[in-house]
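Let's take a walk through this structure together, starting with the whole and ending with a few small details. Keep the 3D view open as you read.

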Amino acid sequence: MINLSYELNEEFLAKLVTTPRATGYEFPAQRVIKSYLENVVDKIKSDRVGNLYAIINPDRPFKIMLAGHIDQIGFQISHIDDEGFLWILPLGGFDTTTLPGKRVIVSSKNGQFKGVIGKKAIHLMKAEERKKAPEMEKIYIDIGCKDKEEASKKVDIGDFAVFDYGYERLGDNNLAVAAGFDDAIGSFIVAEIMKELAKDKNFYAGVYGISTVQEEIGMRGAHVAAKAINPDVGIAFDVEHTADAPEIEKKRVGDTKLGCGPIISIGPNLNPVVVKGLIDIAEKNEIPYQKHAEPRGTGTDANAIQLSGAATGLVGIPNRYMHTASEVICLDDIENIVKLVVAFIKSIKEEDTFLPI
Ligand SMILES: [Zn+2]
């Protein structure tokens, strides 16, 4: 067993998760991570798509890539109508039943503007309208302007919006709620791992901690980063559904729960040596963990990393209510993920090939 003391920086987590970072517009949040890590790691840099790379031991031939995607689902403004309402296109996958009445923040070159997603009141709806989920094309944002001219002074076509909800604790079991833990929490974990590793760099590998962009529209940032780094081993950190809320099928997601540790994915997208390595480290160090079967290419950065040729792992962050304005996680899981992966990286030696055959 190795000494695994780590306590998460909740102030940094709250700041990161509440910085608007819709897919394709991640730059302000990347700057938050940059200032957190720039005096901690050996090297920090970005690339032309907006990925942020924090590097420890950059001269080592054996490279480990860690990836958490900083982008969150959001909306792009496509049209401003004569009455001053903003019409939008989705950046990522939404359940439209979760949208009406939500508060959003619109970011433009002129600043940030509060908005609400409007909806015809139930009293005014016809019987058949009440049964249907709203269509995405009928969702709009009201920023309180009297007409197009006033709205156009604030917002332009192509600007973006995200849910406007803060970071809060929920109950007394170390749970936290925010919009867009998917996947600021992954980028947060990567940053915290880099900070822990920087305390004693006397391990074999070079480590590339990446806050990736544009995962929600096809893991575009991870493709670029994996190509640039050409890692031997890659681990992605992304939220994973838990089965501990009503109406979730355990047959589909497994018997996973908040507070029961990292969810280690197993399947063709994942290298069996990495999977076994993570499980062995968890058992040896008495870190709780959960297993999840994933029979296809995962819809995460792990997919892009594997296709670069790296031995790939996917560590899931237990999450309830994914892609809603109120995603819930457990802070104990975050600490256990950081401890697990720091110990895993430190355990890797020159003779480890990660070849499954
Ligand atoms: Zn995600």
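What percentage of the 357 residues of the protein count as buried? The figure is 47%. Keep in mind that what you're looking at is a predicted model, so every value here is computed from that prediction.

Let's stay with the overall picture for a moment. If you lay the protein along its principal axes, its C-alpha atoms fill a box of roughly 65 × 40 × 40 Å. A compact globule with 357 residues would have a radius of gyration near 21 Å, and the protein has 21 Å, so the two agree. Inside, you can count 10 helices and 17 strands. Now take the contacts with a separation of 6 or more: 77% of them come from residues 24 or more positions apart.

Next, try to spot the two domains. Domain 1 is made of two stretches, 10–72 and 179–347, while domain 2 covers 74–163. Their C-alpha centres lie 31 Å apart. Where they meet, 13 residues of domain 1 are in contact with 13 residues of domain 2. On the domain 1 side, those break down into six nonpolar, six polar and one charged residues.

Time for a barrel. Follow the strands in the order β4-β5-β8-β7-β6-β9 and you'll find that the six of them close up, with antiparallel pairing. From one strand to the next, the twist averages 45°. For a closer look at one pair, pick strand β6 (residues 103–108) and strand β7 (residues 111–117), which are antiparallel and share six bridges. One of the matches to look for is V106, whose bridge partner in β7 is F113. As a bit of background, strands of a sheet pair through backbone hydrogen bonds, either parallel or antiparallel.

There's also an open sheet to explore. Which strands form it, and in what order? The order is β10-β11-β17, three strands with antiparallel pairing. The edges belong to β10 and β17, since each of these pairs on one side only. Ignoring direction, neighbouring strands of this sheet are turned by 35° against each other on average. Something also packs on this sheet: helix α10 (residues 331–347), which touches β11 and β17 and runs at about 55° to the direction of β17.

Let's go through that sheet pair by pair. Strand β10 (residues 168–170) and strand β11 (residues 175–178) run antiparallel and are joined by three bridges, with R169 standing opposite A176 in β11. The two strands make a hairpin with four residues between them, and in the turn you'll find G171, which has a positive phi of about 70°. On the other pairing, β11 and strand β17 (residues 327–330) are antiparallel too, this time over four bridges. Here V177 is the residue to find, as it stands opposite V328 in β17.

Now slide over to the loop between β16 (311–319) and β17, where Y321 sits. Although Y321 is not a glycine, it has a positive phi of about 65°. H323 is found in the loop between β16 and β17 as well, and its phi is near 65°, again a positive value in a residue other than glycine. Are these residues buried or exposed? Y321 counts as partly exposed because it has 16 C-beta neighbours inside 10 Å. H323 also counts as partly exposed, because its number of C-beta neighbours inside 10 Å is 18.

Another backbone detail is waiting at D182 and D183. The peptide bond from D182 to D183 is cis, with omega near 0°. You'll find D183 in helix α5 (residues 181–197).

Our last stop is K276, which has its place in helix α8 (residues 272–284). With 13 other C-beta atoms within 10 Å, K276 is partly exposed. Look for I264 too: 12 residues separate it from K276 along the chain, and the C-alpha atoms of the two are separated by 9.7 Å.

Notes. Residues are numbered from 1 along each chain as its sequence is written. This is a predicted model: local features need pLDDT of at least 70, side-chain atom pairs count only at pLDDT 80 or more; totals for chains, interfaces and linings use all residues. A residue is buried if 20 or more other C-beta atoms lie within 10 Å of its own, exposed if 12 or fewer, and partly exposed in between; C-beta atoms are placed from the backbone. Two strands pair if DSSP finds at least two bridges between them. Axes are lines fitted to C-alpha atoms, for helices over the stretch in contact, and angles run from 0 to 180 degrees between N-to-C directions. Two residues are in contact if their C-beta atoms, placed from the backbone, lie within 7 Å. The radius of gyration is taken over C-alpha atoms; the globule rule is 2.2 Å times the number of residues to the power 0.38. Domain bounds come from an automatic or database domain assignment. Ala, Val, Leu, Ile, Met, Phe, Trp, Tyr, Cys and Pro count as nonpolar, Asp, Glu, Lys and Arg as charged, and the others, Gly among them, as polar.
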